Every structure is written in structure tokens, then in C-alpha cells.
Amino acid sequence: MSTGFEGRAPTGAHTLYITAGSGNSYKPVQVLAQRGPGGIPCRLRPVNVLDGETRRPGFLAINPRGQVPFLVTAEGERLGESNAIAWFLAEGSALIPASPLHRAQAIQWLIFEQTLLEPRISPARFFSTIAPELREANAARFPGWIEAGHAGLALLDAHLTGREFLCDSGYGIADIAVFGYTHLAREGGFDLDRYPGVCRWIDRVQAQPGHRPVADLPTVEPIRPVAA
Ligand SMILES: N[C@@H](CCC(=O)N[C@@H](CS)C(=O)NCC(=O)O)C(=O)O
């Protein structure tokens, strides 16, 4: 069944390897859904991370780092890291700020997300919601993730209080990237009610034209090698 996310797959389309339920995979896919007129032909290829597919030769031949999301462009160029892929796919759209200062602000938030939010919220959520059978074995790591995650969320909340979006230029790539895991933090055991500025921002992001929920990411299916 079509989720509305899948690009049709004309010759010359990019291929974006993703996995369902992932805040990282969600970011570039949200960009594809929201970049507006002049959409980019891009087919989505779900990869079965839980089944170890990212660590098998078929996928490692595509991305030796063994992670998704991963983009193979229509020209065969390769690009990893969710925020870099999201930026690349957003180029030429209103999701990328126009002025040098606002672009730099956006980059600042992409780095903030990868250093102060994602490494803390993502594992807590993974072992709570995606693979709860492994939670007990990782129980000792939770207090560190939760404490550090709250520190990142508190900084985010302070910035968002009195602001509509992360950058002065308005809704864009920074909001998409930071939203990826922030809106899923409750699934990792974070009480977001402590952060009213974050909660109101989540509502505003979800109200943006073209916004799709993370649950719309195509579900897992075995990877099929794609000629690059
Ligand atoms: N910093 C990377 C993190 C990517 C990442 O952790 N991907 C996970 C799924 S969310 C993955 O591919 N895990 C499979 C593995 O490591 O084997 C990004 O932002 O893209």
C-alpha cells in the first residue's frame, strides 16, 4: 500500500535507504514530503535493521558504515548521515534558509541534534520501544541517557520559549532534524510535559503543510540490491 512517501522510481531517481520507525530515516523523508513544488524523484528502500541487514555484505557494499539512512544519488554518488542527506535533498527549497547567518544557525541545530539529543534519546527509545527485550541488558545505561537527554531538552526548551521555530528565518531543515527524535522522546521515557516550549513547537511542526508522521515510513522488507 502506498504511504505517500514513496517516490515513483523514474530512471534517474535517487535511492534513499531507510528503516521504519527511525527518527534518523524520518528526517530526509520528511524533507521529500515538504520541499514543495519541484519535488525530487527518489525511491525509498526499507532495510531490515533489526534482522541485521545493515551488517550483511549486500548492504555493506552500498554503505560500508552499515547505517541508514543512506543516499545513492541518481548519478551514483553516496551520502550518509541523516542531517547531511536531509540538507542535500532540501537544497533549492524554502526549507534551507536564504541568508548566510540563518544557514549557519540551521547547521548549529543539526549539530546540536546529533550531539545533545539523538545519542541520548534514540538509544533510550530503542531499548524501550523498538527492542524492549534488550532493555534489561542495557538497564545500567538508562540513567546516563535520561539525565543527558534532559539536559539537551532543557536547552532546546529555553531556546524555543517565545519563538515559533528554531531559526529566525522560520520553519525549515533545522526543525525537521530536531523534530526527528524530540517528538519521540516520550517513547524513551522522557517526560516532555516538563518542556512547554518544546511541546508547543511540536504542535506547530506537526501543523506544517505536507507534514507526515513517522509511522508513515514504509515498513521493513528485505533489501534488494540496486544498480548504482
Ligand atoms: N548519525 C547517524 C546515525 C544513523 C543510525 O544510527 N542509524 C541506525 C538506525 S536509526 C542504524 O542504521 N543502525 C544499524 C546498525 O548500526 O547496524 C545519522 O544521523 O544518520
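**Ligand shell, sheet and domains in a predicted model**

Modeller: The shell around the ligand in this predicted model divides into three nonpolar, eight polar and two charged residues.

Colleague: What makes a residue count as charged in that shell?

Modeller: Its type does. Asp, Glu, Lys and Arg count as charged. Two residues of the shell fall in that class.

Colleague: How do you know that a residue surrounds the ligand, and which are the closest?

Modeller: The C-beta atom, placed from the backbone, must lie within 6 Å. By that test, 13 residues surround the ligand. Ser-22, Asn-24, Thr-54, Gln-67 and Ser-82 are the closest.

Colleague: Now the sheet. How do you know that S1 and S3 pair, and in which sense?

Modeller: Pairing needs at least two bridges. Strand S1 (residues 14-18) and strand S3 (residues 70-72) have three bridges. So they pair, and the sense is antiparallel. Tyr-17 stands opposite Phe-70 in S3.

Colleague: In what order do the strands of the open sheet stand?

Modeller: The order of the four strands is S2-S1-S3-S4, and the pairing is mixed.

Colleague: Why are S2 and S4 said to stand at the edges?

Modeller: Strand S2 (42-46) and strand S4 (78-80) each have a single partner strand, so one side of each has no neighbour in the sheet. On average, neighbouring strands of this sheet are turned by 20 degrees against each other, direction ignored.

Colleague: What makes Glu-81 worth a look?

Modeller: Its phi is positive, about 75 degrees, although Glu-81 is not a glycine. Glu-81 sits in the loop between S4 and H3.

Colleague: What is the peptide bond from Val-68 to Pro-69, cis or trans?

Modeller: That bond is cis, with omega near 5 degrees. Pro-69 belongs to the loop between helix H2 (57-60) and S3.

Colleague: Where do the domains of the protein chain lie?

Modeller: Domain 1 covers 14-95 and domain 2 covers 100-206. Their centres, taken over C-alpha atoms, are 20 Å apart. Each domain gives 13 residues to the contact.

Colleague: Which helices supply at least two residues of the side of domain 1 that touches domain 2?

Modeller: Helix H1 (23-34) and helix H3 (82-90) do. H1 gives the most, six residues. That side of domain 1 divides into seven nonpolar, five polar and one charged.

Colleague: What is the confidence for the protein chain?

Modeller: The mean pLDDT is 91. The scale runs from 0 to 100. Of the residues, 91% reach 70 or more. Over residues 1-9, however, pLDDT is below 50, and this stretch has 20 contacts beyond near neighbours in sequence. Residues 221-228 also stay under 50, with twelve contacts beyond four places in sequence.

Colleague: How should coordinates be read where pLDDT is low?

Modeller: Not in detail.

How values were computed
Residues numbered from 1 in each chain as written. Predicted model: local features only at pLDDT ≥ 70, side-chain atom pairs only at ≥ 80, totals over all residues. Axes fitted to C-alpha atoms, helices over the stretch in contact; angles between N-to-C directions. Domains from an automatic or database assignment. Contact = placed C-beta atoms within 7 Å. pLDDT = per-residue confidence, 0-100.
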